[in-house]
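Thanks for asking me to look this one over. My notes follow the structure below, as numbered points you can check against the coordinates.

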Amino acid sequence: MEKPSLDLVRGTLDLLILKTLTSGPLHGYAIASVIKDSTGGALLVEEGALYPALYRMEAKEWIEAEWGLSSNNRRAKYYRLTAKGRQRFRNEEKTWNSYAAAVARLLATS
Amino acid sequence: MKQEPAWRRYLRFWGSDPKSDIEDEFEFHIQAKTDELIAGGLPPEEARREAVRQFGSVRAIRKECHAISSGREEEASRAEYFAGWLRDLTYAVRMLSKTKASSITAILILAVGIGANTAVFTCLDRLLYRPLPVPQPSQLLLVSSPNFTYDAYLHLRDRNQAFSGLAAQSILVAYERRRRERLEQPAQARAVSGNFFDVLQTPALIGRALALSDDVQSDASHVAVASHRFWSRRFNQAPDALGRTVYLNNVPFTIVGVLPKGFFGLSKGSDPDLYVPLGALTDLFDSKPLSQGKFMSLFGRMKPDSSLKTARSNLQTVWEPPSRGDQPGSASIEVEDGSSGYAGTSGQKRSSLMLLAAIVALLLLIGCVNVACLLVARGAARQQEIAIRISLGAGKTRIVRQSLIESLLLASVGGVAGMVVALGAGRLLLIAFQWKSRPIDLSPDWRVLAFAAGVSLATGLLFGLAPAMQCLRDGRVALNQERTVAPFTSGKALVVMEVALSLVMVAGAAVFIRSFQNLRSTPVGFIAERVSVIRLAFAEDDHTDLRPPAREAMRLAESLWDSRGLESAAVADKATFNDGAVGYPVTRPGGPSLSAFIIRADQKYFETLRMPLISGRGFNGRDDDSSPKVAVLGESAAHKLFPNMNPVGKTIRVGLRDEVEVIGVVKDIKFMSVRTQPPELVYRPLLQGANHSPMVRLHVRSRMSPSNVAAIVRDRIREEHLPVSVESFSALEDEIGASLLDDRIRMQTSSVFGALALLLITAGIYGLMAHSAVRRTREIGIRMAVGSSPAQIVRLMLNESARLVLIGVILGVPGALAVMKAISGLVFGLPPIDGVSLAVAAVILSITGIAASVGPAWRAARFDPVNALRLE
């Protein structure tokens, strides 16, 4: 599968990050890995987009960060969803689904 | 995850450092990546290198993150803001190049609109508004009075306190002329006061300008200053032009200086080749124009602390109106702003130019609406794309901004293309207004560029508004609703607006066309068809007495009488309509007097022009200086001089001395203008009395073209060994046509632009209906599925466009009426509100509008209903 355009990933990145965090706190590397693995490698998140997005979402108080230790005892920064972030995720998810359905319908006809 | 042990949190004694936090976070990321790559089989060092490479620029990402986290977000967002603009711009370029056809159409429309406006603005600016290219033009004031004599000028110049300098220029123009010499492009000279260049603060480029000491009535005044243009044209900018001699009216003048480039004196649209001192006028012209007045215009530079008001009152106090009884008029003095000099055009041409400015502005407005239509239709096609962008988090402002950027980009490209159009259009304009030979510089300067840029920006915003709104609404609709087709009101509103504006334009054009037809069909009192006018002059320019070759012309005419193919030939001192004439006092002794034009004609003149004689006789071959002085009166001159009397046999005085007998009366003819009533005319025999007119016109009635007639005349001149030559020839009808130049300009320009407006609405309606057909595919499919015939579908579609056109026409009527009222002063033989023109315009627009939608309607009717339904 072709690598999707950067535009698309950037636009949906917030949604993707929020989604990966719904199952619990993760550090940046893990977020990228989860997105990559759960889309079968179709969506690759670049670090240059990931970290600014995380910091921006942190500034918007959708997520909060905390230093913790990773599985191999390294110091890592973990992100978790706030209540606001959870709300945000639900909205974004709904919008995305209706939009994706619309696109799918369009693509199916033409 | 495991909680970080508390002690590790105190590693940084001074609290957390966001910068190293970010660094730590990235380092962890790279480490994790490295571990993964090692697990995948890469050697550790290579794995680390690969992980760093994949991560990208740590510095840049850290900087961005740091900006976000440290609350310096405005800075980041400002950078992002500009980056956003740039991104939008590149995106706009991509979008516009993707939809090439509509982009090119839009750019062409804008180029024509902006170009036409810029060209007209350039002319207006050059001829009317631009300040003179001299230092501090705002200090210049024009002084006018019914009559300025040289003494009055000197009086004002020396007594006033408000001006730092008061200068004068003569309106008389002296031409370069030297006995026994024929010159290509003879120079024109204007006489100016010695302080002329001081007041304009324009020193000479080389040599010297005129000085007060040149302004004397002796040979010392025979010096001239050359304009830069003349210096280039005649002397190829050679420095040794100084000291050369130029002959003006046979008087030698020495060139003492050359003026800087761009200086053209005081009158827009003119550029005298030479400037000579006022004192030289006496030698240039036999009469004494200096003391006669009316031949001078005054202007001055006011003192820096003075104002127009104080200057006016000061001059009015100093001014002593000439007290002699023979100077008519109140002779009051007026002062006005002179920063832009004397206007380069006035009267009819000025109003034509203003009218043209209004027409092209209207055209640009229609063009704007049209482009908006195009963009809205395209925007609707891009609904999906916009919906995606909105769903990806693009804000409303971003969407509108994007749309506006696209519009502005189109407008800028259109503006640049418009500058190219403007250069060509400006040249056309000069041809149409017959200003080709005038030194009007059309090259764009910053004023023109600023105008074009301003117009482009304004049009961009204007036509960008509708698509931007459409974008917003479409985006909302696409997001929230599933099956509803967004209403397409903005497109329809635009078409209605376009039709309304076009109605104004087409109705205006119809008025001018009808007015011109009226002018052409107005009888002039003689039959001009098939009459050729041949202008004759002495073959060699060595006749110093300025006598016209009247006798020679009459001999020539006589020799033509029996020529095959020529019906008749006559000689007069002027042709009707374009040769001009001066009014002479004509008096019935003891009775009324009037000012009449005098035409000197031979015995065949009335016959050749088919002017019917009312009473008495015409001239014969014996009416010359040896026989009694006679005259033929035009009908209205006869009525005014001899009310209720038969003038034949009576005596009148023509001019101051000549007592002549009236021998006949002919029907009136129009002489200077088709519009006005026939003037009072008096005909005198060509060979009787002093002839002041330097011209001779041979009139030949025949079935041949003027050039063929001229060829016959040339042959005859050779056969008869006459010392005359053919200067030029034309058809008398064309002479009448030439007098209608301004009406022709208005008719042509309004028709051309009216046709352009029709073309625009054709394109606009076609585009809208094609788009509407696509939007209504589903509806049409259903209709066809339930049994509508293609004809019914066509009717359905045509109904829609007919309704829009009708609304547009109705909305356009008040505007059209207002415009008709505004232009009624320029129109001949039509009521202020011309119903016929309005009806014609309405019909033309309706037909155009419906015709434009036939194609799309037909295509809609041929949709396969099954396909049409499946599309949804």
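1. Let me begin with chain A. Of its contacts with a separation of 6 or more, 50% are between residues 24 or more positions apart. Please keep in mind that this is a predicted model, here and in every point that follows.

2. The make-up of chain A is easy to follow on screen. Chain A has 4 helices and 3 strands, and read from the N terminus their order is α-β-α-α-β-β-α. The chain is 110 residues in length, and 44% of them count as buried.

3. Moving to chain B, have a look at helix H12, which spans residues 308–318. Which of its residues are buried? They are B:Ala311, B:Asn314, B:Leu315 and B:Val318. Because these residues cover an arc of only 95° around the axis, they sit on the same side of H12(B). The other side of H12(B) carries the exposed residues B:Lys309 and B:Thr317.

4. What covers the buried residues of H12(B)? Both strands and helices of chain B take part: the cover includes strand S2 (140–144), helix H7 (150–159), strand S3 (163–175) and strand S11 (334–337).

5. Helix H7 of chain B deserves a point of its own, since B:Leu156 is found there. Is B:Leu156 buried or exposed? Its relative accessibility is 0%, so B:Leu156 counts as buried, the cut-off being under 20%. Leaving aside residues up to four places away in sequence, B:Leu156 touches B:Phe148, B:Leu166, B:Leu298, B:Leu315, B:Val318, B:Trp319 and B:Ile333. Two of those partners, B:Leu315 and B:Val318, are among the buried residues of H12(B). Another partner, B:Leu298, is 142 residues away from B:Leu156 along the chain, with 9.9 Å between their C-alpha atoms.

6. A second buried position worth a click is B:Ser407, in helix H15 (residues 396–432) of chain B. At 1% relative accessibility, B:Ser407 falls under the 20% limit and therefore counts as buried. Beyond residues up to four places away in sequence, B:Ser407 touches B:Leu375, B:Gly460, B:Phe463 and B:Gly464.

7. Next, a helix pair in chain B: H23 (residues 741–775) and H25 (residues 790–823) have axes that come within 11 Å and cross at roughly 140°. That angle makes H23(B) oblique to H25(B), and the crossing is right-handed. From H23(B), the residues in contact are B:Ile765, B:Leu768, B:Met769, B:Ser772 and B:Ala773; they meet B:Met797, B:Glu800, B:Ser801, B:Leu804 and B:Val805 of H25(B). By class, this contact consists of 7 nonpolar, 2 polar and 1 charged residues.

8. H25(B) also pairs with helix H24 (residues 777–785) of chain B, where the axes come within 10 Å and cross at roughly 145°. Here too H24(B) passes H25(B) in a right-handed crossing. On the H24(B) side we find B:Glu779, B:Ile780, B:Arg783 and B:Met784, which meet B:Ile793, B:Leu796 and B:Met797 in H25(B). The classes in this contact are 5 nonpolar, no polar and 2 charged residues.

9. One last thing to check is B:Met797, which is listed in the contact of H25(B) with H23(B) and again in the contact of H25(B) with H24(B). If you display a single residue from this part of chain B, I would suggest that one.

Definitions and conventions:
Residues are numbered from 1 along each chain as its sequence is written. Chains are lettered from A and ligands numbered from 1 in the order in which they are written. This is a predicted model: local features need pLDDT of at least 70, side-chain atom pairs count only at pLDDT 80 or more; totals for chains, interfaces and linings use all residues. Side-chain values use heavy atoms; hydrogens and water are left out. Buried means under 20% relative accessible area, exposed over 50%, partly exposed in between (1.4 Å probe, protein chains only). Helices (H or I, at least four residues) and strands (E, at least two) are DSSP runs, numbered from the N terminus. The arc is that of the directions from the helix axis to the C-beta atoms. Contact means heavy atoms within 4.5 Å. Axes are lines fitted to C-alpha atoms, for helices over the stretch in contact, and angles run from 0 to 180 degrees between N-to-C directions. Angles under 35 degrees count as roughly parallel, over 145 as roughly antiparallel, 65 to 115 as roughly perpendicular and the rest as oblique. A crossing is left-handed if the near helix is turned anticlockwise from the far one by less than a right angle, and right-handed if clockwise. Ala, Val, Leu, Ile, Met, Phe, Trp, Tyr, Cys and Pro count as nonpolar, Asp, Glu, Lys and Arg as charged, and the others, Gly among them, as polar.
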